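Hi,

Here is the structure I said I'd send over. Have a look at it first, and my notes on what turned up follow underneath.

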Amino acid sequence: TKELVSGIKDNSTLNDVEKALLLHDRLATCCEYDYENYQLGITIPASHSAYGAICLGTAVCQGYAYAYDYLLEQVGIKSEYCSSDVINHAWNIVYIDNKPYHVDVTWDDPVRDVTGRVFHDNFLRSTQGIIETDHIGDDGTVDFITTPVDTTYDNYFWQNTNASFEVIGDKIYYKDGDSYTIYAISDINDGVTGNAKEVIADRDV
């Protein structure tokens, strides 16, 4: 746990969106979906727990959701566990500035695992946004059909990135889409507006 929250928990330069994003990416990169046992129909209790995701590095959706909830709690961000029998799946409702958003780390972690590869299609989405990524059940432990309505982040720039965001000191580094351009930003909004976005590396494919 200490490694996953290192540089995030006590970093006063990070806002809650940035903390939630960095933890989303760290969990996705340190954990691999327990695909083999899932395919065989075998239930491994640890894979359904935060322990399995964080300590063993293997989990199914329930384990990812519990782990993300635990990590967010470590940095003071409220979240709730959300599940649906209709799609046999679990994820999180995360609160940013008291507004709820969907976050599904499991579906943003590619199967099979690719080192450093993280998607962001299911990060801070409204209900309409998460439905667009095939979250179609309406029987969730949190009523996700009516709860998250804010669409601020539904089409944010991170959806075009497929690698993990990293923090070093007071700056966040990320790779732009499928290109080889690496940016450094001091505020996540700079990734949208381009203000003060610093190019660290750039080369043609």
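Glu-198 comes out as partly exposed, with a relative accessibility of 36%. Keep in mind that this is a predicted model. The side chain of Glu-198 meets that of Lys-171 in a salt bridge, 3.0 Å from N to O. Glu-198 sits in strand β10 (residues 198-201) and Lys-171 in strand β8 (residues 171-175), so the pair ties together parts that are 27 residues apart in sequence. Lys-171 is partly exposed too, at 28%.

In total, searching the whole structure gave four salt bridges. Arg-125 is worth a look: together with Glu-132 and Asp-154 it is linked in a network of salt bridges. With Glu-132, the closest N and O atoms are 3.2 Å apart. With Asp-154, the N to O figure is 3.4 Å. That second pair links distant parts of the chain, 29 residues apart: Arg-125 is in strand β6 (residues 123-125), and Asp-154 is in the loop between α6 (127-131) and β7 (166-168).

So which of the three are buried, and which exposed? Arg-125 counts as buried because its relative accessibility is 4%, under the 20% cut-off. Asp-154 is buried as well, at 8%, whereas Glu-132 is exposed at 54%.

Then there's helix α5 (residues 61-74): its 14 residues reach 20 Å from first C-alpha to last, close to the 20 Å expected. Its buried residues include Tyr-64, Tyr-68, Leu-71 and Leu-72. Just after α5, Gly-76 takes a positive phi of about 80°.

Cheers

Key:
Residues numbered from 1 in each chain as written. Predicted model: local features only at pLDDT ≥ 70, side-chain atom pairs only at ≥ 80, totals over all residues. Heavy atoms only, no water. Helix = DSSP H or I, 4+ residues; strand = E, 2+ residues; numbered from the N terminus. Expected span 1.5 Å × (residues − 1). Buried < 20%, exposed > 50% of the residue type's maximum accessible area, 1.4 Å probe, protein only.
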